[in-house]
Amino acid sequence: MILKRFYDELLAQASYMIGCQSTGEALVLDPGRDPEIYLQAARSEGLRITHVTETHIHADFVSGSRELAAAAGAQIYLSAEGGRDWQYGFAEADGAELLKDGDEIRIGEIRIRVMHTPGHTPEHLAFIVTDTAVADRPMGAVTGDFLFVGDVGRPDLLEKAAGLQGTMESGARDLFRSLQRFGKLEDWIQIWPGHGAGSACGKGLGAVPTSTLGYERLFNWAFSHDDEESFVKAVLEGQPDPPRYFAEMKRINRDGPRILGKAPPPPKLDPGSVGEWLADSEVVVVDTRLEAAFTGGHIPGTLNIPKNRSFTANAGWLLPYSKDLILIVDGEEAGVEVVRGLTSIGLDRIRGLLPTSAIAEWARSGHRLETVGRITPEELEDRRASEPVTLLDVRWQNEWDAGHIPGAIHVPMGYLEEGLSRIPETRPVVLACASGARSAVSAGVLQRLGVKEVINLEGGFNRWKAEGRPVDVEQPEG
């Protein structure tokens, strides 16, 4: 048996290829949208991809199952569990084989048993893998977003992201029962999860790529709850705000992602036309430089989404699916990575790329560059004592509840446009997040919305608290 793991750092998402050496067949589970990654890996191992499947209808990226099945000429397998409302809309048209609990997929001498593991989503499946050439018992399980290293898949996404009211608690109860059932498997079962640290599909995912069921039973908090009620309370507490694009991903992946095929790369654009694009209400110009470069000087009206590990999540929060995108990138390789990150979450309307030199050219042409001010916690205290200043905390709700700077207004980064009316127009706005990174991105959002004086709190709330300054904590209701 051949097992290969593929990991997308921007999505903190893992996919897997399981191949049989004797027959040359291979199955890919939970593929991303770029099929060439898997096709090349299969060729290097002397395999051909004959089967493609996924654990569930994903919320955090556009599934590549259709794309890969079309490119490889493979059979696609999809869950038939979860009830009528949770069926794949494209299954019949694509000739998909439908999977239910207890079914098996054969990849040469490899037997893969399907286990229905609802909770994160109603249709969720886990795949239990046995290499029958050497063993009569399973080696491991691809667990998708059901069981992670150190955590479990969150059951609140359907309600919080997709607006399906009343599904959080029922999902949590399903998840408890799935864990009880799955936990009866052998200790040595390896756990091959669908996400790692940094994913919004859980609240405390481990950075270690794999584990064993025996280890997770000992040290994963979810297995410490033998009582359903205590588990439900624990799993729903402290979950971070789900990115708003999750609802769009659910719809796309349920109905069937568009097959891109071998699309040409976005064209390189003329830097001299920046002004025209900024004036076009149907275009968003995105500056992908890191925060320090952007705050030091940028073209007014551009939106900063730095090319770092948070790029995809921030893009999903801040970019509209209804507009064209022009990307300012630092070199051809960076452009490829940025485009891949955007298309991985369905942001396909990319009109073209601009080099970062376009910013200097803008300035040389006599146009002004916009900057973002900086202020230390000590300077902020002095300034607040002498003049009215709006302190805006852009962290997520769970962070705010755990502690915030007294007198701050709370509007999370992803909701700044909706919360603009809460921000006084006549005062300087000081932005705070945990470390200063999200607040720097938020500064660009506010400037694009017309806020005049925007200042970033250096070191954010973490530095404020570390220096021993006062902190308010939200008191739980009741």
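Asp34 is partly exposed, with a relative accessible area of 26%. In this predicted model, the side chain of Asp34 meets that of Arg340 in a salt bridge, with 3.7 Å from N to O. This pair links distant parts of the chain: Asp34 sits in the loop between strand E3 (25–29) and helix H1 (36–44), Arg340 sits in helix H11, and the two are 306 residues apart. Arg340 is partly exposed as well, at a relative accessible area of 39%.

## Salt bridges

The structure holds 36 salt bridges. Another of them joins Arg309 to Glu9, the closest N and O atoms being 3.4 Å apart. Here too, distant parts of the chain are linked: Arg309 is in the loop between strand E14 (303–304) and H10, Glu9 is in the loop between strand E1 (2–8) and strand E2 (13–19), and their positions lie 300 residues apart. Arg309 counts as exposed because its relative accessibility is 53%, whereas Glu9, at 46%, counts as partly exposed.

A third pair is formed by Asp287 and Arg289, with the closest N and O atoms 2.8 Å apart. Asp287 has a relative accessibility of 0% and so counts as buried. Arg289, at 17%, also counts as buried, since the limit for that class is under 20%. Elsewhere, salt bridges that share partners join Glu169, Arg173, Asp174, Arg177, Glu228 and Glu229 into one network.

The three pairs described above are set out here.

| Salt bridge | N to O distance |
|---|---|
| Arg309 and Glu9 | 3.4 Å |
| Arg340 and Asp34 | 3.7 Å |
| Asp287 and Arg289 | 2.8 Å |

## The six-stranded sheet

Six strands form an open sheet with mixed pairing, in the order E7-E8-E9-E10-E11-E12. Strand E7 (104–107) and strand E12 (211–212) are the edge strands, each pairing on one side only.

E7 and E8 pair in the antiparallel sense over four bridges. One bridge sets Glu104 against its partner Arg113 in E8. The two strands form a hairpin with two residues between them, and Gly108 in the turn has a positive phi of about 60°.

On to the next pairing: E8 and E9 run antiparallel and are joined by seven bridges. Val114 has Phe127 in E9 as its bridge partner. E8 is largely enclosed by the rest of the structure, because five of its seven residues are buried.

Strand E9 (residues 125–131) is in turn joined to strand E10 (residues 140–144) by three bridges, and these strands also run antiparallel. Within this pairing, Ile128 stands opposite Ala141 in E10.

Which strands does helix H4 (residues 167–182) lie across? The helix lies across strand E8 (110–116), E10 and strand E11 (190–193), and runs at about 145° to E8.

## Nonpolar cores

The largest nonpolar core has 46 residues, and the members that touch the most others are Leu319, Leu327, Leu342, Leu392 and Leu446. Several elements give two or more residues to this core. The helices among them are helix H7 (245–255), helix H10 (311–318), helix H11 (332–343) and helix H15 (437–448). The strands are strand E13 (283–287), strand E15 (324–329), strand E16 (350–355) and strand E20 (429–432). A second, separate core consists of 22 residues and includes Met17, Val28, Leu47 and Val52.

What does Leu446 contact once its neighbours within four places in sequence are left aside? Its contacts are Leu392, Leu416, Leu420, Ile423, Val429, Leu431, Val451 and Val454.

## Val430 in strand E20

Val430 lies in strand E20. Its relative accessible area is 1%, and Val430 is therefore buried. Setting aside neighbours within four places in sequence, Val430 is in contact with Ile375, Leu380, Val389, Thr390, Leu391, Leu392, Ile455 and Leu457. Leu392 is thus listed as a contact of Val430 and also as a contact of Leu446.

Lys4 is 426 residues away from Val430 along the chain, and the C-alpha atoms of these two residues are separated by 47 Å.

Definitions and conventions:
Residues numbered from 1 in each chain as written. Predicted model: local features only at pLDDT ≥ 70, side-chain atom pairs only at ≥ 80, totals over all residues. Heavy atoms only, no water. Core = buried A, V, L, I, M, F, W, Y, C linked by side-chain atoms within 4.5 Å. Buried < 20%, exposed > 50% of the residue type's maximum accessible area, 1.4 Å probe, protein only. Contact = heavy atoms within 4.5 Å. Pairing = 2+ DSSP bridges. Axes fitted to C-alpha atoms, helices over the stretch in contact; angles between N-to-C directions. Salt bridge = Lys/Arg side-chain N within 4 Å of Asp/Glu carboxyl O.
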